[in-house]
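Here is my note on the model you sent, set out as numbered points. It moves from the chain as a whole to individual residues.

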Amino acid sequence: MTARAKKSEVAQPYGKGADPQTGEASSPGSAFDELIGVDETFRKALVSAGRAAQSDISVLIIGESGTGKEILARAIHQASRRKNKQLVDVNCAAIPDSLIESELFGYEKGAFTGARTEGRKGYFDEAHEGTILLDEIGDSSLSVQAKLLRVLESGTFKRVGGTKNIKVDVRVISSTNQDLADLIGQKKFREDLFFRLNTFTILLPPLRERREDIELLVRHFLKIGGVAQKQKFRFSPEAFAMLHAYHWPGNVRELKGVVSYALNMTQSPVIDVGSLPNFLFSESPGRDGLQREAAASGPASLNLTEAVRDLERRLITEALAISSNRSEAIRALGISRRTFYLKLREYGLE
Ligand SMILES: Nc1ncnc2c1ncn2[C@@H]1O[C@H](COP(=O)(O)OP(=O)(O)OP(=O)(O)O)[C@@H](O)[C@H]1O
Ligand SMILES: [Mg+2]
């Protein structure tokens, strides 16, 4: 399911401003170099993250969807003494109540019908001596919260079907785009868990509040796309003005999606407004509107197979640009997860 132990992408040489770990001009290879931005609030968040990385303190990262919570959590892990161990990313919102214990703590062999004969490690086992990222913690069920609280308080757990207490040494980073105080008020989030996770809080600002970073981020994503396509791209002044004026509700993820869309659409190394998704031109497009617009803007060719592929690619790119995550994009597109990933690969949108 959601335990991902991805290695961070290769650091980009864009680490402008001070290195959060040293306070000096950033050096190539710093764990935070992948995080692009010079905005003061954003840089302060990176400096705090750099400090937190030096200890085992629990960190709570709060920010709207697409502001970079996951990439920041990975940078903290990479900058910490635990970097050679795993970062286990747990999507807390996606754990079904029936599987909480086996997902988090694993199971012993023969624990239940259908269990693998050799047993299985849980997320906490995998994260031993490393870091566990409790992603989307604000969307976790109360049963998940109860189990998490227990292991975080005692530092031990039992596998399903096991009797011995297993001790783990994990560093906890949690992240949410929700207002946890509000959820506590609504009795949807446990206050005791909040206090345990909230020892050190980092707030990531939305992109609309750090507009000076739009250009840097656009250049960064163009450069990555250019390397992949072995060509240099830039936006025309008119197209760039559109990007700059937009309010980016989906933050950096949305910007990245739009640049990727434009790179797929453009026939020229100078990307003009015609290669931008239509929703940038309307104030509040809404998802249905986006799909209608994409469909209405017409195919680039009359060949039916090509036209269908063209439309498919546009719809998928737009769904990715406006969705908070891939599951949301899959739902918006109304296709199966498997088809979605096959098409991502087919159209080079991974
Ligand atoms: N400052 C940044 N510099 C470069 N890339 C960034 C930055 N912030 C975010 N990104 C990129 O934007 C995308 C979304 O970032 P990320 O997954 O970390 O967001 P998130 O806050 O965890 O979103 P969600 O709440 O939806 O899970 C990723 O592809 C990430 O690499
Ligand atoms: Mg995330």
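1. Taking the chain as a whole first, buried residues account for 37% of its 350 residues, and the secondary structure comprises 14 helices and 11 strands. Of the contacts with a separation of 6 or more, 70% are between residues 24 or more positions apart.

2. This is a predicted model, and its confidence should be read alongside every point that follows. The average pLDDT of the chain is 84, with 83% of the residues scoring at least 70. Confidence is highest in strand S1 (residues 59–62), at a mean of 97, and lowest in helix H11 (residues 287–296), at 45. The pLDDT is below 50 over residues 1–17, a stretch that nevertheless has 39 contacts in the model beyond near neighbours in sequence. It also stays under 50 over residues 284–296, where the model has 15 contacts beyond four places in sequence.

3. Which residues come nearest to ligand 1? Of the 18 residues around ligand 1, these are Ser 65, Gly 68, Lys 69, Glu 70 and Val 252. By character, the shell divides into nine polar, five charged and four nonpolar residues. Helix H2 (69–79) and helix H10 (251–265) each contribute at least two residues to the shell, and both domain 1 (40–205) and domain 2 (208–346) supply at least three.

4. The largest nonpolar core has 71 residues, and those with the most contacts inside it are Ala 49, Ile 76, Phe 124, Ile 132 and Leu 255. Helix H10 gives this core its largest share, seven residues, and the core draws at least three residues from each of domain 1 (40–205) and domain 2 (208–346). Helix H10 thus appears both in this core and in the shell around ligand 1.

5. Two aromatic residues deserve to be looked at together. Leaving aside neighbours within four places in sequence, Phe 124 is in contact with Leu 104, Phe 105, Ile 132, Val 151, Phe 157, Val 168 and Val 170. Phe 157, which lies in strand S6 (residues 156–157), touches Phe 105, Phe 124, Val 151 and Ile 166, again not counting residues up to four places away. Is Phe 157 buried or exposed? Phe 157 counts as buried because it has 21 C-beta neighbours inside 10 Å, the threshold being 20 or more. Its C-alpha atom is 9.3 Å from that of Lys 147, and the two residues are 10 apart in sequence.

6. Two backbone conformations merit a check, since most residues other than glycine have a negative phi. Glu 136, which is not a glycine, has a positive phi of about 55°; it is found in the loop between strand S5 (131–135) and helix H5 (142–154). Trp 248 likewise has a positive phi, near 50°, and lies in the loop between helix H9 (237–245) and H10. Glu 136 is buried, with 23 other C-beta atoms within 10 Å, and Trp 248 is buried with 23 such atoms within 10 Å.

7. Three further loop residues can be described by their surroundings. Gln 54 sits in the loop between helix H1 (40–53) and S1, and because it has 12 other C-beta atoms within 10 Å it is exposed, the limit for that class being 12 or fewer. The C-alpha atoms of Gln 54 and Ala 79, 25 residues apart along the chain, are separated by 7.5 Å. Arg 211, in the loop between strand S9 (200–203) and helix H8 (212–229), counts as partly exposed with 13 C-beta neighbours inside 10 Å. Between the C-alpha atoms of Arg 211 and Ala 245, which are 34 residues apart along the chain, the separation is 9.0 Å.

8. Where is Asn 325 found? Asn 325 is in the loop between helix H12 (304–322) and helix H13 (326–333), and with 15 C-beta neighbours inside 10 Å it counts as partly exposed. The C-alpha atoms of Asn 325 and Gly 66 are separated by 8.3 Å, although these residues are 259 apart along the chain.

Notes. Residues numbered from 1 in each chain as written. Chains lettered and ligands numbered in written order. Predicted model: local features only at pLDDT ≥ 70, side-chain atom pairs only at ≥ 80, totals over all residues. Near = placed C-beta within 6 Å. Helix = DSSP H or I, 4+ residues; strand = E, 2+ residues; numbered from the N terminus. Nonpolar A, V, L, I, M, F, W, Y, C, P; charged D, E, K, R; others polar. Domains from an automatic or database assignment. Core = buried A, V, L, I, M, F, W, Y, C linked by C-beta atoms within 7 Å. Contact = placed C-beta atoms within 7 Å. pLDDT = per-residue confidence, 0-100.
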